[in-house]
Structures are given as C-alpha cells and as structure tokens.
Amino acid sequence: MSMSAAERKAAQRARQAAAGEQKLELVLDSQELAMLAHNCAARRPGREPYDAAEYIALLIRQDDARVRSRFRVISKRKCGKCGDRLPVRDCPCKGEAACWANRGWHETKLTL
Ligand SMILES: [Zn+2]
C-alpha cells in the first residue's frame with residue numbers, strides 16, 4: 001500500500017529531524033527577496049534555478065570556508081600589545097588602543 005501525500009510529508013519531516021535539520025524563519029525585505037530570486041536563476045542560466053533554501057545553505061557553506069580561511073590567516077599574527085595569537089577575544093589590555101581586541105573585529109566582520 002502506498003503512502004498518501006500527508007504520510008510522505010510526515011516521513012520526510014521525520015527523516016529531516018533525524019538528520020538534525022531545522023526549519024529557520026527568515027525575514028527579508030523586498031529588495032533582498034528580489035536579489036535572492038534573481039540570483040537563484042542568474043547563477044544557473046538555462047537550467048532550473050536554485051531553490052531559495054538550497055541557495056542560502058550554499059551561501060552559508062561558502063561563507064564558512066571564507067571565515068575559516070580568514071581565521072587561518074590572522075591566527076599567524078599576534079596582538080602588538082599583549083602578544084596573544086589572533087583573534088584576541090579577551091585580554092587585560094583590551095582597553096588600550098594598541099590591543100587587537102579593540103578594533104580587530106573589523107578584520108573579521110562581514111563587509112559588503
Ligand atoms: Zn592585546
């Protein structure tokens with residue numbers, strides 16, 4: 001006996017939950033939604049566009065690779081003040097301008 005659509009959907013949800021998948025609600029403005037829809041299609045010319053959730057998941061993975069690479073690079077440096085290896089999260093000299101903990105986050109933040 002084959003499963004109904006509702007049963008298939010329930011089975012899919014159970015599989016996704018078992019795999020640790022979670023639904024995440026995003027609030028995007030109309031410009032972001034338009035960019036998302038445009039780029040889902042633009043990145044696959046002549047082919048079926050990326051699904052929005054697939055596209056966002058790929059962006060997260062792409063950014064994760066950039067973050068890892070960025071931290072690999074900065075971890076070769078040390079704070080000029082306290083000598084701790086970067087990134088310095090907390091440090092007794094963090095109130096001092098020369099300590100990386102002060103402004104270093106500008107090197108790791110997301111920028112456009
Ligand atoms: Zn420091």
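Throughout this tour, a residue is called buried when its relative accessible area is under 20%, exposed when that area is over 50%, and partly exposed in between, using a 1.4 Å probe and protein chains only. The model is predicted, so local features need pLDDT of at least 70 and side-chain atom pairs count only at pLDDT 80 or more, while totals for chains, interfaces and linings use all residues. Residues are numbered from 1 along each chain as its sequence is written, and side-chain values use heavy atoms, with hydrogens and water left out.

**First stop: the salt-bridge network**

Select Arg70, which counts as partly exposed at 33% relative accessibility, and then add Glu107, which is also partly exposed, with a relative accessible area of 25%. Their side chains meet in a salt bridge of 3.6 Å, N to O, a term that stands for a side-chain nitrogen of Lys or Arg within 4 Å of a carboxyl oxygen of Asp or Glu. Because Arg70 belongs to helix 3 (residues 52-74) and Glu107 to the segment after helix 4 (100-103), the pair ties together parts that are 37 residues apart in sequence. Helices here are DSSP runs (H or I, at least four residues), and strands are such runs too (E, at least two), numbered from the N terminus.

Now add Arg77, whose salt bridge with Glu107 brings the closest N and O atoms to 2.8 Å apart. This pair links distant parts of the chain, with Arg77 in the loop between helix 3 and helix 4 and Glu107 in the segment after helix 4, 30 residues apart. Arg77 is partly exposed at a relative accessible area of 36%, and Arg70, Arg77 and Glu107 are linked in a network of salt bridges.

**Second stop: the zinc ion**

Select the zinc ion next, and display Cys79, Cys82 and Cys99, whose SG atoms coordinate it at 2.3 to 2.4 Å. Donors are N, O and S atoms within 2.8 Å of the metal (3.2 Å for Na, K and Ca), and since water is not among the atoms, sites may look incomplete. Along the chain, the donors follow the spacing C-x2-C-x16-C. Cys79 is buried, with a relative accessible area of 4%, whereas Cys82 is partly exposed at 27%.

**Third stop: a cis bond and another salt bridge**

Go to Pro87, in the loop between helix 3 and helix 4, where a cis peptide bond with omega of about 0° joins Leu86 and Pro87. Then select Asp90 and Lys94, which form a salt bridge with the closest N and O atoms 2.7 Å apart. Asp90 counts as exposed at 52% relative accessibility, while Lys94 counts as partly exposed at 41%.

**Last stop: the aromatic rings**

Which residues make up the tilted aromatic pair? Select Tyr50 and Tyr55, whose rings lie 5.6 Å apart centre to centre, with 55° between the planes. Rings of Phe, Tyr and Trp (its six-membered ring) pair if their centres lie within 6.5 Å, and planes under 30 degrees apart count as stacked, over 60 as edge-to-face and the rest as tilted. Tyr50 is partly exposed, with a relative accessible area of 23%, and Tyr55 counts as buried at 8% relative accessibility.

Keep Tyr50 in view and add Arg44, whose charged end sits over the Tyr50 ring, 5.5 Å from its centre. A charge sits over a ring if NZ of Lys or CZ of Arg is within 6 Å of the ring centre and within 35 degrees of the ring normal. Finally, select Trp105 and Lys109, where the charged end of Lys109 sits over the ring of Trp105, 5.1 Å from its centre.
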